[in-house]
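Please open the model in your viewer and keep the selection tool at hand. This tour goes from stop to stop, saying at each one what to select and what can be found there.

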Amino acid sequence: MKQLIAASLCVSLLAACGNDQGAATATRPRFKAELARTSYGIAHVQADNFGGLGYGLAYAYAQDNICMLADSLLTVRGERSRYFGPDAFATRPRDGEYGAALDFLDLRNEDSDFFFKGYLDLDQLRTAYAAEPSVVRELLAGYVAGYNRYLREQGADLPAACHGAPWVTPIGIDDLYLLIAEKALHGTGEVFAQAIVAAARDPASTTKPMAGTTLPSMPRIAPSLASNGLAIGRDASLSGHGLLLANPHYPWTSTDRFYQLHLTLPGVYDVMGVSLGGLPIVVIGFNKDVAWTHTVTKAIHFTTFRLRLDPADPSGTTYFYDGQSRKMSSRAATITTLQPDGSLRAKTRHFYFSHQGAVMILPGEGNGWSATSALVLGDPNRNNARLLRQWMEIGRAVSVNDLKSRLDAVAGLPWVNTVAADRGGGTLYADASVVPNMDAGKFRSDCLLSEELLMFDGARSACAWEGRASVLAGVVPPAQGPSMQRADYVGNSNDGYWLSNARQLLTGPPPLGYSPLYGPIGVEQHLRTRIGFVQIEEMLAARGRLGLDDLAELQFSNRIYAAELVLPELLPACVAANDPLLEPACSALGMWDRKANLDSRGAVLFREFWNQAAHIPGKWAVAFNPSDPVHTPHALAAAAMPAMLGALKDAVLKLQKLGIPLGGRLGDYQYEMRNGVRTPIHGGIGDIDGCYNSIHMANALDPSGYRNIAWGSSYIQLATFDESGPIALGILAYGQSTDPASPHYADQIALYSDRQLPSLPFSREAILADKQHQAMILIEY
């Protein structure tokens, strides 16, 4: 073991360490942590308080991802324009290095800066965190100090992506409030960011939007994040203990990357797994009794409201509520923009809010800001400061029953489901995410003005969220949301809560069921959801009980369910067509194994065919049956066959033009490039083609193939338990570090390509026995 002991003295904790908790005494460490690194750079931090955990984790994370974290902090501070100019966009990925851009927040720097400066409210966030338990603030204070210490010690030798960059600066606790707040907005405020910025006004005018503002397009409601979660219970487990498959499909290059960590506060908190985008806590992982994961929920986490404005106010900032006039509040947001000549220019906009939310402008009649009405976004995640406490509580759960109680008590998860298994063989599915408490009856009343925008009448309290005065400020209590506990299995792949187990559909309490905001029931499910349940049911029928090896097989089966559904009818029709252009395609698809393995020949042809054919209307002979959502719809309709063969011809012509053989190996054409090394990648797209192991490539097919992964299978974790503790296997497919010079920049990509899942060292003995083990003790007074 290599052990380094380091200590430093902060002259001022507030200035030098970014700590707002006051000065430390000279007689004891303010922060102390043991930081160990094991194989693949996994960070293990042990401390005697949460501040020490945050301190050690921040130091480790900065070692691996300092440029990405510093860049993302510019976004949430609203400072991108100051360093990169107002018209540029967030940093794009550099050959897998990192990117600061978010898939669902594609804004010019100026608009991005105004959004974060105008929409996030530091005063409200400070107030919200002041109400949180002291250990939350302790954790954040330690993280700030650990990050700033790394900069003091390594600031002159940062990676090439940010070496000497003026935007890599010390941080304070406010920066973490903003960083965490950004994560909460993925399914709400960030979806409507452009619309909110469009409604901001120039301070020189009390009635006009800022000059140059363009009307936004209708936002894409669902963020492009996905996942698989599967929990096996005592009735289906070989050991009788629970098993969990965690397979989030997240970006490979953005600030939503995961990071492998293990945080230990003896006797209080001992959890291993991954954090998200620099957050100082385990968000998906396991302890000695419970393993859990999250999937992006189908629920909608906002509503909109149409205000009726008071014509007596020519500024349009007074509205009626229950017949009484109310004045909007406003926030002045000032940003600094870099000019072409190198000078800096300050710009200000005013953002307006009713008590229901931020004013915004969208296309369509009644969706703008007119003399008579305005549209506002109701966003319960805007000041959600409960995230860290929620994940702290999850990590301390001792059973799925206990975990459910902790979800119900905190209600802090912003936009994810929870799937979990425990030592006793219990399983849990729950959508405990933050959902507006809008009674189901209001969706059937005149309160609902627009179903497309979930727009309600903002002039009447009768149309408002329920429980507005409660501690959760209009959020559905999670105990009243969808959940299921079973002894066989539960699972979710981002489709509706109602299909969490193929044997029992979850429809909600009578007479109206759950709020419509949790998503529709009785609707067709994605093929990825269906293949997940098909595989688990087939395995249970054939084997009775399952172990970790079976879950690994399920994860990497790479079956293309669309092919299984359509080729039985398509191939005979293809041969019967007697078309010279189709003949080699018929042969290639006939010999294909109907999978997306590296050696699968014909997978590229089918993908290009199905990307078009999946959108052909009326293609199924057997229609969707809500009582059998796993197996319907299926079988190609005869009337759709000409269009299907036409799509196949188009795919053949495309591959011929690109010089790609119809029976080419997938591994020769789907790959990730890192440091000049080309690694073949298996996996399909997911929802559209029904591959459980979902991979989305950054580039469309060209003569070299599909190159570099944009998002998809990222952290893969299999976990169960024995009498001595957890047993877990896993990889972070893209690696711990975004620095091309780091040994952990590409060291796990080959593991993914080879379908290897190493053991995750949880016990002290396993950590010390790791051949790559290194440790250092960090102390700061």
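The stops below take in a pocket, two cavities, a run of paired strands and two buried residues. Keep in mind throughout that this is a predicted model.

**The largest pocket**

Begin by selecting Arg37, Gln63, Asp64, His744 and Gln774, which lie nearest the centre of the largest pocket, a space lined by 23 residues. The volume of this pocket is about 650 Å³. If you then colour β1 (2-8), β2 (31-37), α2 (50-77), α6 (134-154) and β32 (774-780), you will see elements that each supply at least two residues of its lining. Taken by residue type, the lining of the largest pocket divides into 10 nonpolar, 8 polar and 5 charged residues.

**Two cavities**

Next, turn to the enclosed spaces: how many cavities of 30 Å³ or more does the structure hold? There are 6 of them, and the largest cavity contains about 120 Å³ of space. To find this largest cavity, select Tyr250, Leu276, Trp391, Trp415 and Val416, which are the closest to its centre among the 14 residues that line it. The lining of the largest cavity is made up of 11 nonpolar residues, 2 polar and 1 charged.

The second largest cavity holds about 100 Å³ of space, and you can locate it by selecting Ala90, Ala101, Leu105, Leu107 and Ser112, the closest to its centre of the 13 residues in its lining. Here the lining residues divide into 7 nonpolar, 3 polar and 3 charged.

**From β13 to β15**

Now show residues 329-338, which form strand β13, together with residues 344-354, which form strand β14; these two strands run antiparallel and are joined by 10 bridges. One pair to pick out is Leu338 and its bridge partner in β14, Leu344. The hairpin of β13 and β14 has 5 residues between the strands, and in this hairpin Gly342 takes a positive phi near 90°.

Follow the chain onward to strand β15 (residues 357-360), which runs antiparallel to β14 and is joined to it by 2 bridges. β14 and β15 also form a hairpin, with 2 residues between them, and the bridge partner of Phe353 in β15 is Ala358.

**Asn247**

Select Asn247, which has its place in strand β5 (residues 243-251). Is this residue buried or exposed? Asn247 counts as buried because its relative accessible area is 0%, and buried means under 20%. Its side chain makes a polar contact of 3.4 Å with the side chain of Gln555, and another, of 3.2 Å, with the side chain of Ser713. If residues up to four places away in sequence are left aside, those that Asn247 touches include Ser227, Asn228, Thr293 and Tyr692.

**His241**

Finally, select His241, which sits in the loop between β4 (226-232) and β5. His241 is also buried, since its relative accessible area is 14%, and the limit for buried is under 20%. Which residue's backbone oxygen lies 2.6 Å from a polar atom of the His241 side chain? That oxygen belongs to Arg423. The side chain of His241 also makes a polar contact of 3.5 Å with the side chain of Glu723. To complete the view, display the surroundings of His241: not counting residues up to four places away in sequence, it touches Ile232, Asp422, Arg423, Gly425, Thr720, Phe721, Asp722 and Glu723.

Key. Residues are numbered from 1 along each chain as its sequence is written. This is a predicted model: local features need pLDDT of at least 70, side-chain atom pairs count only at pLDDT 80 or more; totals for chains, interfaces and linings use all residues. Side-chain values use heavy atoms; hydrogens and water are left out. On a 1 Å grid over the protein atoms alone, a cavity is a set of points where a 1.4 Å probe fits but cannot get out, and a pocket is an open set with protein on both sides within 12 Å along at least five of seven lines; lining residues have an atom within 4 Å of a point. Grid points are joined across faces, edges and corners, and a volume is the space filled by probe spheres set on the points. Ala, Val, Leu, Ile, Met, Phe, Trp, Tyr, Cys and Pro count as nonpolar, Asp, Glu, Lys and Arg as charged, and the others, Gly among them, as polar. Helices (H or I, at least four residues) and strands (E, at least two) are DSSP runs, numbered from the N terminus. Buried means under 20% relative accessible area, exposed over 50%, partly exposed in between (1.4 Å probe, protein chains only). A polar contact is a pair of N or O atoms within 3.5 Å; within protein, one must be able to donate a hydrogen and the other to accept it, and residues adjacent in sequence count only if both atoms are side-chain atoms. Contact means heavy atoms within 4.5 Å. Two strands pair if DSSP finds at least two bridges between them.
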